[in-house]
Amino acid sequence: MAGAAPTTAFGQAVIGPPGSGKTTYCLGMSEFLRALGRRVAVVNLDPANEGLPYECAVDVGELVGLGDVMDALQLGPNGGLLYCMEYLEANLDWLRAKLDPLRGHYFLFDCPGQVELCTHHGALRSIFSQMTQWDLRLTAVHLVDSHYCTDPAKFISVLCTSLATMLHVELPHVNLLSKMDLIEHYGKLAFNLDYYTEVLDLSYLLDHLASDPFFRHYRQLNEKLVQLIEDYSLVSFIPLNIQDKESIQQVLQAVDKANGYCFGVQEQRSLEAMMSAAMGADFHFSSIFRLSMVNVYNFSMTEQPTILESNCLGSVLTSYCGFG
């Protein structure tokens, strides 16, 4: 690496189940970041990803291909993908050689959608852990399709998966409810949106499930699952509409707070100009940046930010909000 290159890099590890919108998120977020003046490098870590809509700086397909693995080892798509991640884990020198020339860029890692990679399989966690040793500060951005909110049983399942992912991945973590622009097409929500994003009293979900003859037989199981989620008290969500600049900005604020990214003055002016144009009026940056403070999961923080800390983050953009 050149001596003038920054030693610390920042980025997002975009994870989530298949179809949750990870690749679309990488495209939308990369465009938004470039408009702010950040140099962005999108890294595709999903060997099953084909026809990428974004400009890819690094593609794991150059190292290992899912189709080749399935043919050579007679594996299905799930087993083949696990093998690909283990192969990448064993060849991290290849990945580092690709990333080192990109120091100074903000990284977006488009990760595979196999749930087991983020809940109990060790390869992806090991890859993330090694990248942190390279002084790359990552935030895990976990996308979940918002249509699960329309079904209480599915939402409890999503909460369990999100909690397991947060504990397994071991990175600063932000959970997103994606495709919020389509939620009206999924059906009416049983509760207000805040109930789902803040994961409020889940006993109401149990009462809702009790009205279903099938789930009535599993009430004790659901009670134990809900108790587990509430005992950890870690899971919350930020709603995301990838078509809405203000929605993306709120997500970016949470991510930057989680990994400690410091804003520059020029970036602040770029964001104010962009949001003013989008809203057709003067945009007060500090007022928006005070929102959604409680939506950021941070392994080392046990208390909510004080009012003074929130105001400082909104008005003084160069304040550093690290996680450790």
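When I say that two helices meet, I mean contact in the sense of heavy atoms within 4.5 Å. With that in place, and bearing in mind that what we have here is a predicted model, let me begin with the helix pair α7 and α9, where P152, A153, F155 and I156 in α7 meet L205, H208 and L209 in α9. By class, the residues of this contact divide into six nonpolar and one polar, with no charged residue among them. Helix α7 covers residues 152-169, and its axis comes within 9 Å of that of α9, the two crossing at roughly 140°. Since angles over 145 degrees are needed for roughly antiparallel, α7 and α9 are therefore oblique to each other, and the crossing in which α7 passes α9 is left-handed.

Staying with α9, which spans residues 203-210, let me turn to its other partner in this talk, helix α11, residues 219-232; here the axes come within 10 Å and cross at roughly 165°. That angle makes α9 roughly antiparallel to α11, and α9 passes α11 in a right-handed crossing. On the α9 side the residues are S203, L206, D207, L209 and A210, and they meet R219, N222, E223, V226 and E230 of α11. The residues of this contact divide into four nonpolar, two polar and four charged. I would also point out L209, which is in the contact of α9 with α7 and is likewise listed in the contact of α9 with α11.

The third pair is α2 and α3. Helix α2, residues 66-73, packs against helix α3, residues 77-90, at an angle of about 110°, and their axes are 9 Å apart. These two helices are therefore roughly perpendicular to each other, and their crossing is right-handed. From α2 the contact draws on L66, V69, M70 and L73, while α3 contributes P77, G80, L81, Y83 and C84. In terms of class, the contact of α2 with α3 has eight nonpolar residues, one polar residue and no charged residues.

Finally, I would like to move from helix packing to empty space, and specifically to the second largest pocket, whose volume is about 210 Å³. Which residues lie nearest its centre? Of the eleven residues that line the pocket, those are G28, E31, F32, I242 and I248. As for the elements behind this lining, α1 (22-36) and α12 (245-259) each supply at least two of its residues, and the largest share, six residues, comes from α1. If we divide the lining of the second largest pocket by class, we find six nonpolar, three polar and two charged residues.

Notes: Residues are numbered from 1 along each chain as its sequence is written. This is a predicted model: local features need pLDDT of at least 70, side-chain atom pairs count only at pLDDT 80 or more; totals for chains, interfaces and linings use all residues. Side-chain values use heavy atoms; hydrogens and water are left out. On a 1 Å grid over the protein atoms alone, a cavity is a set of points where a 1.4 Å probe fits but cannot get out, and a pocket is an open set with protein on both sides within 12 Å along at least five of seven lines; lining residues have an atom within 4 Å of a point. Grid points are joined across faces, edges and corners, and a volume is the space filled by probe spheres set on the points. Helices (H or I, at least four residues) and strands (E, at least two) are DSSP runs, numbered from the N terminus. Ala, Val, Leu, Ile, Met, Phe, Trp, Tyr, Cys and Pro count as nonpolar, Asp, Glu, Lys and Arg as charged, and the others, Gly among them, as polar. Axes are lines fitted to C-alpha atoms, for helices over the stretch in contact, and angles run from 0 to 180 degrees between N-to-C directions. Angles under 35 degrees count as roughly parallel, over 145 as roughly antiparallel, 65 to 115 as roughly perpendicular and the rest as oblique. A crossing is left-handed if the near helix is turned anticlockwise from the far one by less than a right angle, and right-handed if clockwise.
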